[in-house]
Amino acid sequence: SGQAASVLGTATHNVPARAAAAFARIHGRPPTGVWSAPGRVNLIGEHTDYNDGFVLPFALPYRIAVAASPRADGRLAVTTVGDDGRPQQAEPVAIADLAPRSVEGWAAYPSGVAWVLHNEGFSGGADLVIAGDVPAGAGLSSSHALQCATALALLGLAGVELDEPDAPSRATVARWVQRSENDYVGVPTGLLDQTASLSCVADHVLFLDVRSGEMEQVPFDASSAGLAVLVIDTKAKHSHSDSGYRERRAGCERAADLLGLRALRDIDESGLDDALARLPEELRPLVRHVVTENTRVERTVEHLRAGRIADIGDLLTASHTSMRDDYRISCLELDVAVDTALTAGALGARMTGGGFGGSAIALVAATEVESVGKQVLAAFAERGLTTPGLFTAAPSPGAGRDNFS
Ligand code: GAF
């Protein structure tokens with residue numbers, strides 16, 4: 001009998017080449033260049049970024065690529081190409097006329113980036129053709145991958161390549177992308193996702209202190225420890241995710257205000273009980289999550305610096321419990337994914353990203369990935385839930401310019 005088929009999906013890999021080929025098909029000439037940016041998972045450190053705290057993401061082997069050439073008429077013309085190769089073109093817009101929310105739907109992301117870069121002095125029209133394999137709507141930052149790749153493409157057309165002398169730093173580009181998301185698209189997200197897409201490197205998780213901007217690349221080689229990170233895309237997307245995010249962020253800011261602090265980052269665990277006692281009851285769970293989550297990130301980093309990957313499992317699971325019970329951003333699908341993975345032998349598991357749906361991660365012995373995956377599929381099927389997507393992911397390169405021939 002042959003080997004059973006894997007339950008795991010894989011990246012399509014040739015995303016930059018696909019974008020270049022689609023560009024040539026659509027515009028009848030090759031693009032000037034192709035730039036791409038990855039999606040991410042956050043290993044731990046959730047809803048800490050807008051509290052000036054700590055996050056620990058790594059880049060996925062799934063990317064969005066933007067093939068681009070300049071246009072003389074100052075317009076931005078964006079086409080996306082689906083898996084079936086079918087192009088979908090947005091109405092070309094004059095970049096100088098862009099204003100917050102002037103473009104909606106998926107094209108808001110590239111337009112918002114063009115709007116910010118125009119304000120930063122990088123103007124010039126562009127034809128963009130976009131291809132990608134980051135699962136959409138899965139909480140894996142496909143929209144940030146699109147925004148970061150667009151930023152690099154528009155900068156590249158203006159003759160600016162990251163990491164070259166006089167180029168803006170990756171951290172600066174992350175702030176521009178955040179401004180596009182906050183002020184143009186209109187979503188009050190923090191700095192986790194853009195920074196991950198731009199600044200992560202292969203084989204490491206990125207330890208970012210959002211307040212200081214300090215970054216440390218921490219080695220994360222699960223496979224040589226006999227482990228793997230299994231990503232479970234639950235396919236669940238709950239309608240209250242936008243308002244739920246806003247409410248929690250506002251609650252954190254109100255709590256910091258009431259305590260006379262710049263941000264919840266300023267509370268450490270030894271001062272937690274005192275802080276909680278000074279707050280109205282409804283804000284306490286939010287604060288407890290943020291403060292304990294920052295500590296869990298620091299503990300995780302200590303383990304990883306010492307090469308003790310297997311020891312982070314309990315911290316991952318404690319993070320999930322805190323998000324489920326205190327921050328209240330989990331949902332049935334995420335809890336089924338996490339609980340099933342743990343029962344099936346995962347060392348730790350948690351939802352990753354904003355919550356209210358999206359994806360979970362599980363730290364699993366490499367030899368048990370298939371069996372854990374199968375048990376997750378069975379648990380979803382038993383409850384009549386949509387079949388989740390499963391894949392393993394190792395830390396992959398961040399955003400950059402691609403060779404696409
Ligand atoms: C979303 C946001 F975009 C991030 O900024 C971060 O707040 C995350 O949710 C939660 O950690 O991905």
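This briefing covers the ligand site, the annotated domains, the sheets and the helix packing of one chain. The model is predicted. UniProt lists domains on this chain, among them "Galactokinase N-terminal" at residues 22-70 and "GHMP kinase N-terminal" at residues 109-198. Two open sheets are described below, one of 3 strands and one of 4 strands. Helix α2 packs against α4 and also crosses α3.

**Ligand surroundings**

- The residues around the ligand include E46, H47, D49 and Y50.
- T189, G190, L192 and D193 also belong to the residues around the ligand.
- G353 and G354 complete the list.
- By class, the shell around the ligand holds 5 polar, 3 charged and 2 nonpolar residues.

**Annotated domains**

- The "domain: Galactokinase N-terminal" annotation comes from an unreviewed UniProt entry and covers residues 22-70.
- Strand makes up 53% of residues 22-70, and helix makes up 12%.
- The end C-alpha atoms of residues 22-70 are 16 Å apart.
- The "domain: GHMP kinase N-terminal" annotation, also from an unreviewed UniProt entry, covers residues 109-198.
- Residues 109-198 are 56% helix and 9% strand.
- Their end C-alpha atoms lie 16 Å apart.
- The unreviewed UniProt entry also gives "domain: GHMP kinase C-terminal" for residues 302-376.
- Residues 302-376 are 49% helix and 19% strand.
- The end C-alpha atoms of residues 302-376 are 30 Å apart.

**The sheet of 3 strands**

- This open sheet runs in the order β2-β8-β9, and its pairing is antiparallel.
- Its edge strands are β2 (54-55) and β9 (215-219), and each of them pairs on one side only.
- Strand β8 (residues 204-209) pairs with β2 in the antiparallel sense, over 2 bridges.
- V55 has L208 of β8 as its bridge partner.
- β8 and β9 run antiparallel and are joined by 5 bridges.
- L206 has Q217 of β9 as its bridge partner.
- β8 and β9 form a hairpin with 5 residues between the strands.
- In that hairpin, G213 takes a positive phi near 80°.

**The sheet of 4 strands**

- The order in this open sheet is β11-β12-β10-β13, again with antiparallel pairing.
- β11 (348-352) and β13 (389-392) stand at the edges with a single partner strand each, so one side of each has no neighbour in the sheet.
- From one strand to the next, the twist averages 20°.
- β11 and strand β12 (residues 357-365) run antiparallel and are joined by 5 bridges.
- T352 has S359 of β12 as its bridge partner.

**Helix packing**

- Helix α2 (residues 108-119) packs against helix α4 (residues 170-185) at an angle of about 115°.
- The axes of α2 and α4 are 8 Å apart.
- α2 and α4 are therefore roughly perpendicular to each other.
- Their crossing is right-handed.
- α2 also crosses helix α3 (residues 142-157), at roughly 45°.
- The axes of α2 and α3 come within 9 Å.
- That angle makes α2 oblique to α3.
- The crossing of α2 and α3 is right-handed.

Technical notes:
Residues are numbered from 1 along each chain as its sequence is written. This is a predicted model: local features need pLDDT of at least 70, side-chain atom pairs count only at pLDDT 80 or more; totals for chains, interfaces and linings use all residues. A residue is near a molecule or strand if its C-beta atom, placed from the backbone, lies within 6 Å of it. Ala, Val, Leu, Ile, Met, Phe, Trp, Tyr, Cys and Pro count as nonpolar, Asp, Glu, Lys and Arg as charged, and the others, Gly among them, as polar. UniProt positions are given in the numbering used here, feature names are shortened, and annotations may be inferred rather than shown by experiment. Two strands pair if DSSP finds at least two bridges between them. Axes are lines fitted to C-alpha atoms, for helices over the stretch in contact, and angles run from 0 to 180 degrees between N-to-C directions. Angles under 35 degrees count as roughly parallel, over 145 as roughly antiparallel, 65 to 115 as roughly perpendicular and the rest as oblique. A crossing is left-handed if the near helix is turned anticlockwise from the far one by less than a right angle, and right-handed if clockwise.
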